[in-house]
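Visitor: Could you pick one part of this structure and take me through it slowly? I'd like to see how the pieces fit together.

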Amino acid sequence: MSVVDRAVPDGPEAVDRPRASTRLELRALAGVLHREWVVFTRYWRSTTFSAVVEPTIFLLAFGFGIGALVAEVQGMAYLEFVGTGVVAMAVLFASVFPAMFGTYVKRRFQHTYDGILAAPIDVRELVTAEALWIGVRSGTYGLAPLLVATAFGLRPGWAVLVVPLIGVATGFGFAAMGIFLSSIVPSIDSFGYVISALVTPLFLLAGTFFPLENLPDWVAAGAVINPLYHTVELVRGSVFGFAGAAPLGHLAGLLAFAAVTWSAAVVGMRRVLID
Amino acid sequence: MTTISHAIALRGVTKRFGAITAVDRLDLEVPAGICLGLLGNNGAGKSTTMRLLTAQAIADAGTVEVLGHPLPREAKAARARCGVVPQRDNLDEELTATQQLAVFARLYRVPRRERRAAVARALELVELSDRAHTRIDELSGGMRRRLLIARGLVHRPELVLLDEPTVGLDPQVRQDLWSLVARLRDEGTTVVMSTHYIEEAEELADDVAIMARGRVIDRGTPRALIARHAGAQVRELSGDPTELAAVEARARALGLPTRRRGPQVAVLRAEGLDGQLGEGRTRLPALEDVFVSVTGEEVT
């Protein structure tokens with residue numbers, strides 16, 4: 001290969017070159033996703049263990065513990081109620097935590113993103129692929145409590161097949177939120193504030209373990225802005241049957257949340273990754 | 001058909017970080033096929049310049065062009081044809097050498113059918129073929145650095161950016177990396193290498209740009225720079241501080257640059273002197289003398 005050959009940008013390999021454009025290039029996304037997949041093959045056991053076991057413990061502890069005291073909630077057995085609620089919790093935990101900690105560590109300590117951004121990948125593609133990866137993974141993990149609940153007597157309808165999609169949409173939004181938060185926290189210790197002040201209320205005040213109508217009106221009203229509430233409602237709907245136009249509202253809520261957090265994550269990460 | 005006259009062209013580039021001007025109205029052109037050494041102390045602006053070349057830093061003023069692509073607009077197109085070897089090791093420790101290179105071959109868009117061969121070739125280039133399936137966290141420091149270089153070469157880039165490639169390596173490993181860089185250059189790859197090791201620039205660079213305070217303050221082949229600033233001979237004189245100050249004063253009167261290190265003054269361009277400054281040891285000048293003379297800073 002000579003210098004002269006290389007100085008011809010219109011050669012046959014020009015086809016393979018990225019063009020100057022602002023759209024997301026599929027190949028760029030695929031490259032980042034491929035990296036995540038190869039790395040995942042190295043640590044999937046521990047990640048999968050905690051992502052599956054933790055919600056299962058919640059499910060069984062609440063299902064049998066509270067289920068012994070409360071026979072029915074909103075017309076369903078308590079185990080069924082909590083079994084569907086825990087799906088949302090599993091997705092939340094499997095998305096927001098890896099997004100916050102993993103992204104922070106990769107950026108600040110491992111400098112992984114500096115390496116990726118030296119390749120033909122831009123920040124928007126990087127953020128999108130990272131959120132997509134975490135979203136798909138958490139959506140998959142969210143199925144674990146559903147399977148456990150089924151083993152204990154839950155009998156979902158066919159609409160249950162959309163649960164993975166709900167999980168991925170939720171996981172993408174919370175992953176993007178976590179990525180955004182990782183770009184603004186001053187240090188990794190600051191996530192303690194985020195977890196106490198944001199993540200805990202998100203997963204408790206979403207109708208996961210108890211119906212929101214038991215709460216003071218103003219708390220119940222506030223839950224509408226909790227994206228996880230929409231996830232819970234959609235998961236329950238898909239298991240026990242949808243009614244009316246409400247699911248469309250919930251879906252719109254989830255997608256709007258994902259769009260906002262994704263935009264924030266792109267802006268936030270660009271600010272910290274590009275000088 | 002277009003021809004690119006320069007692999008890199010920076011014109012009037014300024015980059016500020018708050019109150020600090022890291023790169024200050026920098027002009028830098030690098031013809032294709034040469035190895036350029038960016039020489040400067042820490043804080044001279046070398047690393048910022050390197051980041052500007054991949055659009056990981058965006059200039060506040062001026063224009064940046066890499067392989068004919070204006071940055072940041074065509075950054076991805078430029079980056080696809082560049083290989084970057086960062087100063088900081090950011091290998092994915094949990095992967096094997098092969099997995100790491102395969103990941104980057106894909107990020108750099110090596111066509112699927114060529115990936116396996118590209119990975120094997122890159123491993124061979126840095127003599128790590130026998131470690132292909134070793135986990136990165138089990139490799140020695142020198143091997144990791146070699147792998148980092150292989151990662152930057154897996155897609156056969158036309159331009160390679162090496163940021164302080166041999167910092168913290170023992171002399172033997174450093175020699176090995178030097179011969180690798182020399183090979184790249186001999187194959188016609190354009191190499192830009194930032195370094196604060198003078199001997200590295202002297203050994204590898206066809207052309208050296210001396211940076212200080214965000215600007216290139218002189219530029220030329222090592223030989224030309226030495227001839228221009230250090231002359232043909234350097235005379236080193238020892239003595240107590242008063243004597244040394246006297247020597248410096250007399251050298252200055254003769255228009256000769258000096259550098260002081262400990263109990264010694266080195267007078268540059270000393271070839272025309274007889275015994276005027278006193279008895280001393282005469283040696284050949286080195287790029288280091290140029291650096292000190294031009295920047296007014298000792299090498300750090």
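**A hairpin and its sheet**

Guide: Let's start with a hairpin: β12(B) and β13(B) form it, with two residues between them. In that turn sits Gly262(B), which has a positive phi of about 60°. Keep in mind that this is a predicted model.

Now look at the two arms. β13 covers residues 264-267 of chain B, and four bridges join it to β12(B), with the two strands running antiparallel. You can pick out the partners yourself: Arg261(B) is bridged to Gln264(B) in β13(B), and Thr258(B) has Val267(B) as its bridge partner.

Next, see what else β13(B) pairs with. Four bridges also link it to β11(B), again antiparallel. Here Glu236(B) has Ala266(B) in β13(B) as its bridge partner.

Put that together and you get an open sheet of four strands in chain B, in the order β12-β13-β11-β14, with antiparallel pairing. β12 (258-261) and β14 (281-283) of chain B are the edge strands, so called because each pairs on one side only. On average, neighbouring strands of the sheet are turned by 25° against each other, ignoring direction.

There's a helix to find too. α9 (residues 241-253) of chain B packs on this sheet and touches β11 (234-238), β12 and β13 of chain B. The direction of α9 makes about 15° with that of β13(B).

Finally, zoom out. The domain assignment splits chain B into domain 1 (32-58 + 82-226) and domain 2 (231-284). The C-alpha centres of these two domains of chain B lie 38 Å apart.

Note on methods. Residues are numbered from 1 along each chain as its sequence is written. Chains are lettered from A and ligands numbered from 1 in the order in which they are written. This is a predicted model: local features need pLDDT of at least 70, side-chain atom pairs count only at pLDDT 80 or more; totals for chains, interfaces and linings use all residues. Domain bounds come from an automatic or database domain assignment. Axes are lines fitted to C-alpha atoms, for helices over the stretch in contact, and angles run from 0 to 180 degrees between N-to-C directions. Two residues are in contact if their C-beta atoms, placed from the backbone, lie within 7 Å.
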